[in-house]
Amino acid sequence: MFITDGGLRSDTYGYFVVGSGPAGVSLALALADAGRRVLILESGGEDQFRNELSNSIGYGHFSGEYWNLHSVRTLGGSSTVWSGWCTTPRELDFDNPSVGVRWPIPRRELMPYWRKAAPLLDHDPAFVDFERPLVPGFLYRPVPVAGPTNVGHRHLARLKSDGGVDVATGCSVVAIDAAESRSAVTGLHCVHHASGARRHVAIGGRQRVVLAAGGIGNARLLLQPPADGGVPIGNESGQAGRYLMEHPHLFRAGECALGAALDQYWPAAHERRGVHALAVDADLAREHGLYGCSIQCSRKTADHPMARFLSRETGRPFFHYGIAVRAEMQPSAGNRVFLTEERDRTGLFRPGVRCVLDARDFLNVEQTLRLLGQTLMRLDQGRVRVNNDRIYKNVAGGGHIMGTTRMGEDASKSVVDPHCRVHGYANFFVAGSSVFPTGGGYANPTLTIVALALRLADRLLGEE
Amino acid sequence: MAEGFSRRGFIGAAGGLLGAWVVAGACRRRDRGAPGGDPATAGYVDHEGWMLTPADKQKLAGAPPLVEPGDAP
């Protein structure tokens, strides 16, 4: 049911979810499926964006406008600007010495949740983890594409019915109360935009609050100073906002001519439902200190001088592809969401976002491409062209805002524990890519966001 | 010659081993690269950004540009 007049009754619900993006909606529906009552608090409306509230100031490789584009306040959250790509992080991505930070949960723990998450995003669970050996050291690992699914609109009928989930639209959470002991959240302060009314939602000991307001929104709420000027609620570790990561996107980073048509590895029934991509295998990555880098090959043609040259020389068919790269970046405490001096009209301090890629992030891409080139040449299976300028001077992002409330076992170095509970709090949790301790390799985060939300739902139900 | 082991087979096997040794040696040399070189850029020659063998480059001398439209060599 939609609550549009700002009237909130806190005693009705067992769970309060801040944000209606992929994490918030998936979590709320999973809880409602188990018979629980959930209230989602959403700043925007069904089709109304409220982006002026999330406006950031950008520092480093990406502008404020860039972050604003991907920090969306409306029903469906970031899924309204999602491209529909889904893939899983690999085993090495959970504990890669070259990245230096490991996930506190093993990959196998997420596998059943990825399978459950895929259909919610209109993906086939059989293909989100698809890979085949290509040449020694490299895997064919396509990125499946579907939808893109706006999770808000996909479940709109259920959200509007009396299906266990209510959605308070046009309602922003602007402050959080906690017990003096900092062991539980005791209230949420909300602003109803249409009326301007401020509401206080009391949270009892058996009720749970989950922040699912996106990589910037989650950190921003945990950074807001409380009325007494003390340490912000949920940021006792001082780590909120830090370790922001993106997936560097390097379009036209190169091109290649390959002796094997990549579409032979992808089921014919899935034609046009994936992006051909190659990745180094774990052994080669370890040997060369590499991390996530997806070499995505498109625009296949045999009508290219290099393809024709190799076909002529070898007597075998060759195909030319353009290469785009989507890669991982090193987590760094200096890359972060922080508060500027400026306040928005709800009184919240406006966020600044600093994201500076490391030299290693660029070298990782160049070396991966050159290793592919060396391997293909040695095997006489193809040639690679590396476009230096496109790698080093044309970096873009994917709108993947990760790491700002990172998950970890050590409460002094992370914001949430391995179960996504804010360290020290009995009833306060975070959902979304902000809990990722690394970028998860190059994997687009939406599938893992939903998987972690479903895992959190199981945890919350199990704790009752 | 022992039964089941022909002279031709022996010469073939020896030739194969010699060939493998030569190829492996060439690969090792290529991996090392030039003295003072960068391992990531070893084992090939550059042609408009393409990573090619010296033979490729020789054969492509004078050929039209091999880059995608819009990308400067």
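**Exercises on a predicted two-chain model**

In strand β19 of chain A, A:G352 is the bridge partner of A:F338. The model is predicted, so local features need pLDDT of at least 70 and side-chain atom pairs count only at pLDDT 80 or more, while totals for chains, interfaces and linings use all residues. Residues are numbered from 1 along each chain as its sequence is written, and chains are lettered from A and ligands numbered from 1 in the order in which they are written.

**Exercise 1.** Describe how β18(A) and β19(A) are joined.

*Solution.*
- Step 1: Strands are DSSP runs (E, at least two residues; helices are H or I, at least four), numbered from the N terminus.
- Step 2: β18(A) and β19 (residues 349-355) run antiparallel, joined by five bridges; two strands pair if DSSP finds at least two bridges between them.
- Step 3: Besides the pair of A:F338 and A:G352, A:V337 has A:V353 as its bridge partner.
- Step 4: The two strands form a hairpin with five residues between them, and A:G347 in the turn has a positive phi of about 100 degrees.

**Exercise 2.** Which strands stand at the edges of the sheet that holds β18(A) and β19(A), and why is one side of each left without a neighbour?

*Solution.*
- Step 1: The order in this open sheet of three strands is β4-β19-β18 (chain A), with mixed pairing.
- Step 2: The edges are β4 (57-60) and β18 (336-343) of chain A; each has a single partner strand, so one side of each lacks a neighbour in the sheet.
- Step 3: On average, neighbouring strands of this sheet are turned by 30 degrees against each other, direction ignored.
- Step 4: Helix α6 (residues 214-223) of chain A lies across β18 and β19, at about 60 degrees to β18(A). Axes are lines fitted to C-alpha atoms, for helices over the stretch in contact, and angles run from 0 to 180 degrees between N-to-C directions.

**Exercise 3.** Describe the side of chain A that touches chain B.

*Solution.*
- Step 1: 18 residues of chain A are in contact with 16 residues of chain B, contact meaning that C-beta atoms, placed from the backbone, lie within 7 Å.
- Step 2: The elements of chain A that give two or more residues to this side are β13 (249-258), α8 (305-314), α9 (359-378) and β20 (382-386).
- Step 3: α9(A) gives the most, with seven residues.
- Step 4: By class, the side has six nonpolar, five polar and seven charged residues. Ala, Val, Leu, Ile, Met, Phe, Trp, Tyr, Cys and Pro count as nonpolar, Asp, Glu, Lys and Arg as charged, and the others, Gly among them, as polar.

Note on methods: Two residues are in contact if their C-beta atoms, placed from the backbone, lie within 7 Å.
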